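Work through the exercises below with the sequence and the 3D structure at hand. Each task is followed by a solution in steps.

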Amino acid sequence: MLRRLVLPLATLAILAGGLTVAETAAQAAPGQSDNLARSATASASYTSPWESIAAVNDGIDPANSNDTVNRRWGTWPNTGEQWVLLTWASTQSIRSSDIYFFDDGGGVRTPGSWRLQSWNGSSYVDVAGASGYPTAVNQYNAVNFTPVSTSRLRLVLQSGAASVGVLEFRAYSTAIGTTPPPTSGWNPPANLVTPLNQVWQHVESTYSNPYGFRNYGWDQVFANRGSINYCVRWDSSAPVSAALRDQIHASLARQFKKWMDVMAGHNGWPYQNVPLKVVGWAVRDRATLQWSDNSVDVYVNNIRENAPQCSEPCGRFFNQSGNYPNCPGGASHHYDMSLWLTAGMNGGAGGDWGQRVGSEYFVGALNNDNIHILLHEIGHSFGLDDFYDWTPTGVGGFLMKAGSASSITEFDAWMLRDWWRHLKSRYGY
């Protein structure tokens with residue numbers, strides 16, 4: 001499937017040296033009675049000299065992500081992979097955690113991605129069965145996972161647009177109880193009913209097996225229980241610094257999120273957030289990548305389609321059963337899609353394998369709100385068609401009609417939701 005684009009507890013007042021500091025005692029998450037982190041010792045990969053690692057488990061609920069009153073932990077100016085570690089004197093049974101991220105809108109922002117790891121006696125391993133790793137501001141970001149007995153819980157943060165920081169890091173012995181918000185049903189605006197029906201009829205008459213195909217972006221998200229993994233194919237000789245790498249990761253995540261935000265709260269869609277993680281890079285020459293950390297897997301001179309290719313045993317496109325027995329590092333190192341960045345390319349391509357756009361175009365648009373070619377190609381990964389030779393009745397410009405819109409329009413959003421309406425039963429919804 002390849003499509004192409006041409007173009008509260010009470011506030012306490014504490015007086016210290018004449019300075020009044022407002023603190024709110026941290027409440028437990030929904031369904032919880034205690035916060036195990038309060039009895040742990042916190043440490044970190046790095047702490048800015050003016051910040052405090054003690055902030056992460058001091059039991060103070062932040063007023064917002066840019067809390068300027070209470071102490072904070074941050075890593076400015078350091079970027080890349082950073083971590084916060086909670087260590088207990090004895091083994092704890094841990095089932096869930098929630099994180100309040102520090103984001104001042106400048107040098108410290110929410111992470112591009114994050115994960116939790118436990119200590120198994122000899123190494124840190126990712127917790128199993130994680131429900132998802134959201135990165136919202138001004139609230140706690142909760143994750144439930146398979147219970148683990150450990151004396152250390154590590155929060156691993158991959159920086160995105162800037163350095164990273166945490167205001168509070170909590171852990172619990174039972175699952176966090178959450179009540180999902182009510183969802184809407186299939187209720188498109190009246191003026192879109194006819195064109196949406198026309199689009200779906202066109203899908204049924206032109207796609208070879210729209211209901212039987214099993215590697216749409218939808219399938220990939222559900223296979224991961226609400227997340228997506230990427231690998232970057234860097235088909236360019238231009239050098240990539242750690243900072244540029246992190247910017248590419250963050251920009252990709254922001255664009256992918258725009259499509260997933262269309263689905264949040266709609267017609268039984270079960271995920272409020274679909275975290276995106278870049279797990280690897282493929283290059284012709286390792287010297288092109290100007291970093292030495294091991295935050296991502298690196299594949300060198302594995303050439304496919306005359307371009308660097310991430311490990312095929314780790315790619316879902318090559319292993320659509322969802323099993324990765326020959327992937328170095330195991331299934332946690334698998335990737336669902338590739339972001340293929342090609343020097344000198346105009347336009348783009350997209351499908352179940354991922355998206356391809358020009359490397360110069362993408363790097364030049366890193367700070368754009370909408371990277372419209374990439375957005376268009378992500379739409380293809382979720383089944384949306386091109387409209388080169390026809391236009392549905394009564395609609396004008398929209399993103400999937402190449403060259404007629406630069407952002408996701410209402411019609412694009414409802415076309416995506418229509419795919420969910422027709423496929424949701426395969427996932428039990």
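## Exercise 1: Helices α3 and α6

Trp259, Val262 and Met263 of α3 are in contact with Asp412, Ala413, Leu416, Arg417 and Trp420 of α6, where contact means heavy atoms within 4.5 Å. The model is predicted: local features need pLDDT of at least 70, side-chain atom pairs count only at pLDDT 80 or more, and totals for chains, interfaces and linings use all residues. Residues are numbered from 1 along each chain as its sequence is written, and side-chain values use heavy atoms, with hydrogens and water left out.

Task: describe how α3 and α6 pack, and state the classes of the residues in contact.

Solution.

Step 1. Helices (H or I, at least four residues) and strands (E, at least two) are DSSP runs, numbered from the N terminus.

Step 2. Two packed helices are described by the angle between their axes and the distance between the axes. For α3 and α6 the angle is about 65 degrees and the axes are 9 Å apart. Axes are lines fitted to C-alpha atoms, for helices over the stretch in contact, and angles run from 0 to 180 degrees between N-to-C directions.

Step 3. α3 and α6 are therefore roughly perpendicular to each other. The classes are: under 35 degrees roughly parallel, over 145 roughly antiparallel, 65 to 115 roughly perpendicular, and the rest oblique.

Step 4. The crossing of α3 with α6 is right-handed. A crossing is right-handed if the near helix is turned clockwise from the far one by less than a right angle, and left-handed if anticlockwise.

Step 5. The contact of α3 with α6 has 6 nonpolar, no polar and 2 charged residues. Here Ala, Val, Leu, Ile, Met, Phe, Trp, Tyr, Cys and Pro count as nonpolar, Asp, Glu, Lys and Arg as charged, and the others, Gly among them, as polar.

## Exercise 2: Two further helix pairs

Task: give the crossing angle, handedness and contact residues for α1 with α6 and for α3 with α5.

Solution.

Step 1. The axes of α1 (residues 190-206) and α6 (residues 410-423) come within 10 Å and cross at roughly 55 degrees. These two helices, α1 and α6, are therefore oblique, and α1 passes α6 in a right-handed crossing.

Step 2. On the α1 side the contact includes Leu192, Trp200 and Val203, and on the α6 side Phe411, Trp414 and Trp419 are among the residues met. By class, the contact of α1 with α6 has 10 nonpolar, 2 polar and 3 charged residues.

Step 3. For α3 and α5, the axes come within 10 Å and cross at roughly 55 degrees. α3 and α5 are therefore oblique to each other, and their crossing is right-handed.

Step 4. Leu252, Gln255, Phe256, Lys258 and Trp259 of α3 make this contact with Leu374, Leu375, Ile378 and Gly379 of α5. The contact of α3 with α5 has 6 nonpolar, 2 polar and 1 charged residues.

## Exercise 3: The nonpolar core

Task: which element gives the largest share of the largest nonpolar core, and what is Phe256 in contact with?

Solution.

Step 1. A nonpolar core is a set of buried Ala, Val, Leu, Ile, Met, Phe, Trp, Tyr and Cys residues joined through side-chain atoms within 4.5 Å. Buried means under 20% relative accessible area, exposed over 50%, partly exposed in between (1.4 Å probe, protein chains only).

Step 2. The largest such core has 63 residues, and Trp218, Tyr230, Phe256, Trp269 and Trp281 have the most contacts inside it. Elements that give two or more residues to this core include α2 (217-223), β11 (228-235), α3 (242-263) and α5 (372-381). α3 gives the largest share, 9 residues.

Step 3. Beyond its neighbours within four places in sequence, Phe256 is in contact with Ile228, Tyr230, Val274, Leu276, Met337, Ile378 and Phe382. Another core, of 26 residues, lies apart from the largest one and has Ala37, Ile94, Val127 and Tyr133 among its members.

## Exercise 4: Gly217 and α5

Task: is Gly217 buried or exposed, and how many residues of α5 are buried?

Solution.

Step 1. Gly217 lies in α2 and is buried, with a relative accessible area of 0%.

Step 2. Leaving aside neighbours within four places in sequence, Gly217 is in contact with Met337, Ser381 and Phe382.

Step 3. In α5, 9 of the 10 residues are buried, Ser381 among them. Just after α5, Gly383 takes a positive phi of about 100 degrees.
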